[in-house]
Amino acid sequence: MPLVRWYRDMRWPLVLVLALAPSAHAESKVPDHEASPYDAAAVKAQVAALADPALDGRASGSEGDAAGRALIRARLDALGLSPKEQAFDDDAGHATANILATLPGSDADAGIVIVGAHHDHLGHKHLGANDNASGVAAMLAIADALHGTQPRRTIVFAAWGAEERGEEGSAYFVKHPTIDLDHVVEYINLDMVGSYSARGWVAAMGTFKKLPATAMLEAGKKAFPRLSVGIGGRAERSDHEAFCEQGVPYVFFWTPDDRCYHETCDTTDKLDAAHMAQIAALAGDLVSRLANSKQDLLASRAKLGCFGR
Ligand code: PHE
Ligand code: ZN
Ligand code: ZN
């Protein structure tokens, strides 16, 4: 039997062996993309790759930022989603970029759903596993789950740069859009989704009563009995803001946790990988519902904007 097959079939026994063999440590960090898109170990491995000390926390414009972007592009490339970089300089004059990848829908007039997460963090030994390797890993898991399908609406997967310097990448995108912003029916934001166990719930900010996404999330969460989902509430200071200002409704998934927020202890080992993968799956389910809904979401956006009033 080829070694790779044996590895796949024998995953659990091998993991036990690896745990006893310190020299195999590096190998255990390689993301396992053979697994299901929402496999907790695979999502955690993707976080570990982005929050690896070698990238030193992906500070905007740093070598680690470029290395992190290369990992994200490689993954989207492997999924056949042809990622493009949108280069820009952050406020300190350092070169960075947003990454954008499109999954075309069958109905070009039905609008666009964007799923985004910021890829940068603070750097200088702040590795940003939860903030925001977790969000990027969740976005990539959703891309994995949905690539190869043809949704009704176009889905754009986005990884924003320079969020930590003041949501600069998403603001740059809205100022210099590569798609028709008037066609965006929803923005799904993922920022810090790896610390569910801190409070025992995930916030879904922006889910105001009248908004179509709110009912879709209420329906979708029934399939996730292990998740307690906090509905409603306005959020600030993340990449949804630029979209909200344009009248685009958003849902922002976030697991609040002060303990290692912007501290050097925000490392992969602290994360609640099981719930992180479930949150990615819940967000992915919402993206599918939004992308395939028969409702006129463009009309709803025009009427209700991002606050549902
Ligand atoms: N966007 C903030 C950061 O990356 C975190 C944040 C989450 C802020 C939720 C407000 C609400 O540091
Ligand atoms: Zn963040
Ligand atoms: Zn942050």
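# Two zinc ions, one ligand and their surroundings

Histidine 118 and aspartate 131 are both buried. Keep these two residues in mind as you explore this predicted model, since aspartate 131 bridges the zinc ion (ligand 2) and the zinc ion (ligand 3), which lie 3.6 Å apart. The points below take you through each zinc site, then ligand 1, the backbone and the nonpolar cores.

**The zinc ion (ligand 2)**

- Coordination here comes from His118 (NE2), Asp131 (OD), Asp191 (OD) and Asp191 (OD), at 2.0 to 2.7 Å.
- Along the chain, the donors of the zinc ion (ligand 2) are spaced as H-x12-D-x59-D.
- Histidine 118 sits in strand E3 (residues 112–118) and aspartate 131 in helix H6 (residues 129–146), so this pair ties together parts that are 13 residues apart in sequence.

**The zinc ion (ligand 3)**

- Among the atoms coordinating the zinc ion (ligand 3) at 2.0 to 2.3 Å are those from Asp131 (OD), Glu164 (OE) and His262 (NE2).
- The spacing of the donors of the zinc ion (ligand 3) along the chain is D-x32-E-x97-H.
- Distant parts of the chain are linked by glutamate 164 and histidine 262, which are 98 residues apart.
- Glutamate 164 belongs to the loop between strand E4 (154–160) and helix H7 (168–175), while histidine 262 belongs to the loop between strand E8 (250–254) and helix H11 (273–292).
- What is the geometry of the site of the zinc ion (ligand 3)? The site is irregular, with angles of 52 to 151 degrees among its 6 donor atoms.
- For comparison, ideal angles at a metal are 90 or 180 degrees for six octahedral donors.

**Ligand 1 and its neighbours**

- Around ligand 1 there are 13 residues, and Glu163, Asp191, Arg237, Tyr261 and His262 come nearest.
- Aspartate 131 appears again here: one of its polar side-chain atoms lies 3.2 Å from an oxygen atom of ligand 1.
- Histidine 262 also returns, with a polar side-chain atom 2.8 Å from an oxygen atom of ligand 1.
- Arginine 237 takes part through its backbone, where a polar atom is 2.7 Å from a nitrogen atom of ligand 1.
- On its own, ligand 1 has 320 Å² of accessible area, and the protein covers 93% of this.

**Backbone features to look for**

- Aspartate 131 is joined to asparagine 132 by a cis peptide bond, with omega at about 0 degrees.
- Asparagine 132 has its place in helix H6.
- Histidine 262 is a residue other than glycine with a positive phi, near 55 degrees.
- Is histidine 262 buried or partly exposed? Histidine 262 counts as partly exposed because its relative accessibility is 24%.
- Arginine 58 is not a glycine either, yet its phi is positive at about 50 degrees.
- You will find arginine 58 in the loop between helix H4 (40–50) and helix H5 (63–78).
- Arginine 58 counts as buried because its relative accessibility is 2%, a value under the 20% cut-off.

**The nonpolar cores**

- The largest nonpolar core contains 58 residues, and Val115, Phe157, Leu190 and Phe253 have the most contacts inside it.
- Helix H11 supplies the largest share of this core, with 12 residues.
- A second core, separate from that one, has 24 residues, including Ile112, Val156, Tyr187 and Met205.

Note on methods:
Residues numbered from 1 in each chain as written. Chains lettered and ligands numbered in written order. Predicted model: local features only at pLDDT ≥ 70, side-chain atom pairs only at ≥ 80, totals over all residues. Heavy atoms only, no water. Donors = N, O, S within 2.8 Å, 3.2 Å for Na, K, Ca; no water. Tetrahedral: all angles 85-135°; square planar, octahedral: opposite > 155°, others 65-115°. Helix = DSSP H or I, 4+ residues; strand = E, 2+ residues; numbered from the N terminus. Buried < 20%, exposed > 50% of the residue type's maximum accessible area, 1.4 Å probe, protein only. Core = buried A, V, L, I, M, F, W, Y, C linked by side-chain atoms within 4.5 Å. Near = heavy atom within 4 Å. Polar contact = N/O pair within 3.5 Å; in protein donor to acceptor, adjacent residues only side chain to side chain. Areas by Shrake-Rupley, 256 points an atom, 1.4 Å probe, with all protein chains shown as cover.
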